[in-house]
Amino acid sequence: MFELIKALPADPILGLIADFGKDKNPDKVDLGVGVYKDESGQTTIMKAVKKAEAICHQTEQTKAYIGPAGVPEFIDGIRPLIFGDDHPALQDKRVSTVLTPGGCGALRVGAEFLLRCADSVTVWVSDPTWANHVPLLGNAGLKLVTYPYYDQTSSQLLFDEMMSALVAAKSGDVVLLHGCCHNPCGADLSEEQWQAVTALAKKNGFLPLIDLAYQGFGRGVDEDAYGPRLMAERLPELLVASSCSKNFGLYRERTGSLSVVGAQSHHGEAAITHINNVVRGNYSMPPSHGGAIVGTILQDQALRKIWESELEMMRNRLNSVRALLVDRLKNCGADRDFSFIAEQFGMFSFLGITSQQVRRLRDDFGIYMVESSRINLAGVNKTNVDYLASAIVATIKS
Ligand code: LMR
């Protein structure tokens, strides 16, 4: 049975981990997979997480099954984190949430749930979008179409083009939006643009599915949730997939959530029975360790303060290395304007170079990024920025 199976190439993003690891270049720079790194290039465990883990270790009484919706303390904490403490949708009990294995789990379960709502569902995804959106949603059986979002040549958000395309998104269609820190381009919707998309969703009746994978990495925890909060207030229905991989640094613990906002509380509750059923048929129930950590942090004032300040430090570092890289590219004599990088948010931006140039940076300088020229800014630091900037400029000019 297996003899006809042909090996697949490595994943376009995760495959970079192994390639980078094998590279013997002492100056190599990892701008590949979206993992936060500090100024010394390390991905350390957040202090708040370590402390919460110690508390969980002491207080946990059982490893018995927990049920498909996961850790209750997590759900009580993550909902107000996403939607805001006093959000009317929470007061009206319109939001039902489950713990999922990462943001990926939330997207996949959300996709299967959507197919319980209609025989065939079209999802509009931004062009470009995170590469893994395609298998997560497409392999579940949703039909994907794209809307224009960002032009790499001009480094501009294509908002007018996006809105013109989405006029064709109708009731029964789903529109996938990046809540903040767009992956891969870093160009986010302004508040006015979120309002315009919300008004269009209301008028045309399409369902927004918001992927909130970087809350707290852009402008702030509350600021980054502007889109989901606005939509939950103005629209009858919404799905939000959130991830704790980046903002709690829980990558391998696979911790995320899926929230269903229904027109009335019983709609969300009925939806959760289907979501629980989808979960049961896939992985039965989520792992609880990451959810217990997040629940502990969000319910403990002191731990929450530590977490917020660590997150703020990460956000500030990302924003400052953006400015630093732009400055050094200019100093190295770049003949194009990279200032857009400092105006974007989150871990990622496109350099806007060709795949051949990406390949040359890897082969000649040991600089790793996704083939599309997406860079993870967290890999930039004061030690490597000059090497990086001069390599990029040399590659563009050659
Ligand atoms: C990324 O985009 O690099 C991260 O979200 C990691 C992943 O799973 O692709």
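Domain bounds are taken from an automatic or database domain assignment. The model is predicted, so that local features need pLDDT of at least 70 and side-chain atom pairs count only at pLDDT 80 or more, while totals for chains, interfaces and linings use all residues. Residues are numbered from 1 along each chain as its sequence is written, and side-chain values use heavy atoms, without hydrogens and water.

The largest pocket (an open set of points on a 1 Å grid over the protein atoms alone, with protein on both sides within 12 Å along at least five of seven lines) has a volume of about 1,100 Å³, taken as the space filled by probe spheres set on the points, which are joined across faces, edges and corners. Its lining (residues with an atom within 4 Å of a point) holds 44 residues, of which V33, G34, V35, K246 and Y251 are the closest to the centre. Because domain 1 (10-45 + 315-397) and domain 2 (65-299) both contribute to this lining, the largest pocket lies between them.

The second largest pocket has a volume of about 630 Å³. Of its 24 lining residues, E60, T62, I66, S288 and A292 are the closest to the centre. Among the elements (helices, H or I, of at least four residues and strands, E, of at least two, as DSSP runs numbered from the N terminus), α2 gives the most to this lining, with 6 residues.

One cavity of 30 Å³ or more was counted, a cavity being a set of points where a 1.4 Å probe fits but cannot get out. The largest cavity holds about 40 Å³ of space, and its lining includes S126, Y147 and H178.
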